[in-house]
Amino acid sequence: MAQSIRVQALFLLLAAGLGAGLGLLYDLLRPLRRRTNDALWDLLFCLAAALGCFCFAMYSGSGRLGSGELAAALAGFLLYVHALSPSVAPVLERLTRGIGSIWIFMGARLKKIQIYEKKFFKKSEE
């Protein structure tokens, strides 16, 4: 039994949303990719994209992605990257820098605590 036009339009809209969500994930991973130059983040993005497309295909009812859904997901991704990414990416970059500075600060504090504990427990054993 064929799906109604309304259901097909809904699935196309959801596929475009999936593409926009993948664009947001791409922007979230972009600062990490720039700092580490590691292929791990690219692999993580590819796995997330494959998992998202697989889950969407299983949810759509037919168990496969049609070319229309793939085109809508690509259009959503490209629309996000070209329209929203220029304003979202700098905010995420600043957020990543802030989290990085907090991480470095907390690492230095934890190292001082570790040195203090080592001295304290060494003296208490004697």
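Is Glu117 buried, partly exposed or exposed? In this predicted model, Glu117 has a relative accessible area of 40%, and the residue is therefore partly exposed, since that value falls between the 20% below which a residue is buried and the 50% above which it is exposed. Glu117 belongs to helix H3, which covers residues 67-125. In sequence, Glu117 and Ser4 are separated by 113 residues; in space, their C-alpha atoms are 68 Å apart.

A second acidic residue, Asp27, was examined in helix H1, which runs over residues 5-36. The relative accessibility of Asp27 is 2%, so this residue counts as buried, the limit being 20%. The side chain of Asp27 makes a polar contact of 3.0 Å with the side chain of Tyr80. When neighbours within four places in sequence are set aside, the residues in contact with Asp27 are Tyr80, Ser85, Val88, Ala89 and Leu92. Tyr80 thus appears both as the partner in the polar contact and in the list of contacts of Asp27.

Aromatic rings were considered next. A pair of aromatic rings is described by the distance of the centres and the angle of the planes. The count of aromatic pairs comes to 4. In one of them, Tyr26 with Phe77, the ring centres are 6.2 Å apart and the planes meet at 80°, so the arrangement is edge-to-face, an angle over 60 degrees being required for that class. Because Tyr26 lies in helix H1 and Phe77 in helix H3, this pair ties together parts that are 51 residues apart in sequence. With a relative accessibility of 24%, Tyr26 counts as partly exposed, whereas Phe77, at 19%, counts as buried.

Phe77 also pairs with Phe45. For Phe45 and Phe77 the centre-to-centre distance is 6.4 Å and the angle between the planes is 40°, and the pair is classed as tilted. Phe45 is located in helix H2, residues 39-59, and Phe77 in helix H3, so the pair ties together parts that are 32 residues apart in sequence. Phe45 and Phe77 are both buried.

Taken together, Tyr26, Phe45 and Phe77 make up one aromatic cluster. Within this cluster, Phe77 of helix H3 is paired with Tyr26 of helix H1 and with Phe45 of helix H2.

How values were computed
Residues are numbered from 1 along each chain as its sequence is written. This is a predicted model: local features need pLDDT of at least 70, side-chain atom pairs count only at pLDDT 80 or more; totals for chains, interfaces and linings use all residues. Side-chain values use heavy atoms; hydrogens and water are left out. Helices (H or I, at least four residues) and strands (E, at least two) are DSSP runs, numbered from the N terminus. Buried means under 20% relative accessible area, exposed over 50%, partly exposed in between (1.4 Å probe, protein chains only). A polar contact is a pair of N or O atoms within 3.5 Å; within protein, one must be able to donate a hydrogen and the other to accept it, and residues adjacent in sequence count only if both atoms are side-chain atoms. Contact means heavy atoms within 4.5 Å. Rings of Phe, Tyr and Trp (its six-membered ring) pair if their centres lie within 6.5 Å; planes under 30 degrees apart count as stacked, over 60 as edge-to-face and the rest as tilted.
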